[in-house]
Structure formats: structure tokens, C-alpha cells
Amino acid sequence: MEETRYLTGQFLLAMPGIGDPRFEHSVIAMCSHDEGGALGISVGATINGLGLHDVLEQLEIAPGVAPDAPVHFGGPVEARRGFVLHSTDWGGQDTLSVAGRWSLSSTLDVLRAIAGGTGPSRWIVALGYAGWSAGQLDEELTRHGWLNVADDDAMLFETAADERWRRGFRVAGVDPRLLGFEAGRA
């Protein structure tokens, strides 16, 4: 069986001591990764005081049947741009299948569908994303900083945001308390 070096459909976990406070305890759902670069949505933290109803109100969409779910900090890039990670049972104008595991949408049709009760059965709303240029993530993966984990969609849809980082390490069979803060030097 051939292994791919690309991480689409996996999760990136920030290693202890990653060195960038924006990514401390980050869990990034990798939505696209190939020779042209990578894009992921951070799902390890929510934005304090911001719920889905606030976002819908700003977009002039009536909340309808949508619960006032927390909004995730999706990443440091374009923090005002919205994304919805969701189950594969719904598709819209720009929906991207993520390795057949979940979907990513970024147009208003998904939010309207969620509010109207006709959207995906499971979803997460996030503002911003994490992005890497061609080869950048591949190079970062050779240094101390990230651990990639293949986990199921329960990581996204059944695990609380503040528990995803610990869950990812458990799935990998690693106790993050035993990890050092620096990579070794030969």
C-alpha cells in the first residue's frame, strides 16, 4: 500500500513548545494539502463571546432553527472570512470534499441551509484559516512543531474544542506531558 505524503483529511497537532503562540495547543483539520500548498481550519479553540447567531445577524440571516453554537478560531489568516466544516450529507455552491471524510464550505448558502434546517447534519463554523505556500508545510514537518494524526470525524463533531488536542495525542498513542519543548540537535 502506497503512503501519501500529503495530509488532506488528517489533523495537525501543535507540539508542546511549538514556538508560535498563535498555534499553542492547536488542532488543525487539514482540508487541502498538495504540491501547491496547504490549507487547514483550526478547530482547537472557540472565540470567546461569539456565537453562530451573532455571525448570522451580521450577515442578515435569520437564525431560524440553528443553535447558537460557538464559533471556532479557524486560524490567523483572514480572520474575518468564514468557513463551515461539515458532514458529507450536504453540498452547496463551493463545497469541497475533504478526502471523503468531511466537507468544507465557505459561501452563505451553507449558513442559510443550517438556519433553515436543511443543511448538513453536523457542522462547525470557523473564522479564518491556516495556510502554507508550496512546500512550506512539508518543510515545517521536518522540524519540531507538528504531529499529524489520522482520526475519524468524531474528532470534529463529537469532541469539545478544548478536548481535541488531548484526544489527538491519545489517538496517536502519545502522552504530550512527556514531550520535550525542543527538537534534538545532532
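**Entry 1: the end of helix H5.** I began just after helix H5, where Gly173 takes a positive phi of about 75°. I note here that I am reading a predicted model, and that my entries describe computed values from that model.

**Entry 2: helix H5 itself.** I then went back into the helix, which covers residues 164–172, and looked up which of its residues are buried: I found Arg164, Trp165, Arg167, Gly168 and Phe169. What do these buried residues of H5 pack against? I listed strands E1, E2 (27–34), E5 (70–73), E9 and E10, together with helix H4 (154–157).

**Entry 3: aromatic pairs.** I next turned to the aromatic rings, and the structure holds five aromatic pairs. One of them joins Phe83 and Tyr129, whose ring centres lie 5.8 Å apart with the planes at 80°, and because an angle over 60 degrees counts as edge-to-face, I recorded the pair as such. I placed Phe83 in strand E6 (residues 77–86) and Tyr129 in strand E9 (residues 123–133), so this pair ties together parts that are 46 residues apart in sequence. I also checked burial, and both Phe83 and Tyr129 are buried.

**Entry 4: the two tryptophans.** I looked up Trp132 and Trp146 as another pair, with ring centres 6.3 Å apart and planes at 80°, so I entered this pair as edge-to-face too. Trp132 lies in strand E9, whereas Trp146 lies in strand E10 (residues 146–149), so the parts tied together here are 14 residues apart in sequence. Are these two residues buried or exposed? Trp132 has a relative accessibility of 7% and therefore counts as buried, and Trp146, at 9%, counts as buried as well. I added that ring pairs link Phe23, Trp132 and Trp146 into a cluster.

**Entry 5: Gln10.** I finished with Gln10, which I found in the segment before strand E1 (11–14). Its relative accessible area is 17%, and because buried means under 20%, I entered Gln10 as buried. Which side chain does the side chain of Gln10 meet in a polar contact? I found the side chain of Asn148, at 2.8 Å. Leaving aside the neighbours of Gln10 within four places in sequence, I wrote down its contacts as Ile28, Ala29, Met30, Arg101, Trp102, Asn148, Val149 and Ala150. Asn148 thus appears among the contacts of Gln10 and is also the partner in the polar contact noted above.

Note on methods: Residues numbered from 1 in each chain as written. Predicted model: local features only at pLDDT ≥ 70, side-chain atom pairs only at ≥ 80, totals over all residues. Heavy atoms only, no water. Phe/Tyr/Trp six-rings, centres within 6.5 Å; stacked < 30°, edge-to-face > 60°. Helix = DSSP H or I, 4+ residues; strand = E, 2+ residues; numbered from the N terminus. Buried < 20%, exposed > 50% of the residue type's maximum accessible area, 1.4 Å probe, protein only. Polar contact = N/O pair within 3.5 Å; in protein donor to acceptor, adjacent residues only side chain to side chain. Contact = heavy atoms within 4.5 Å.
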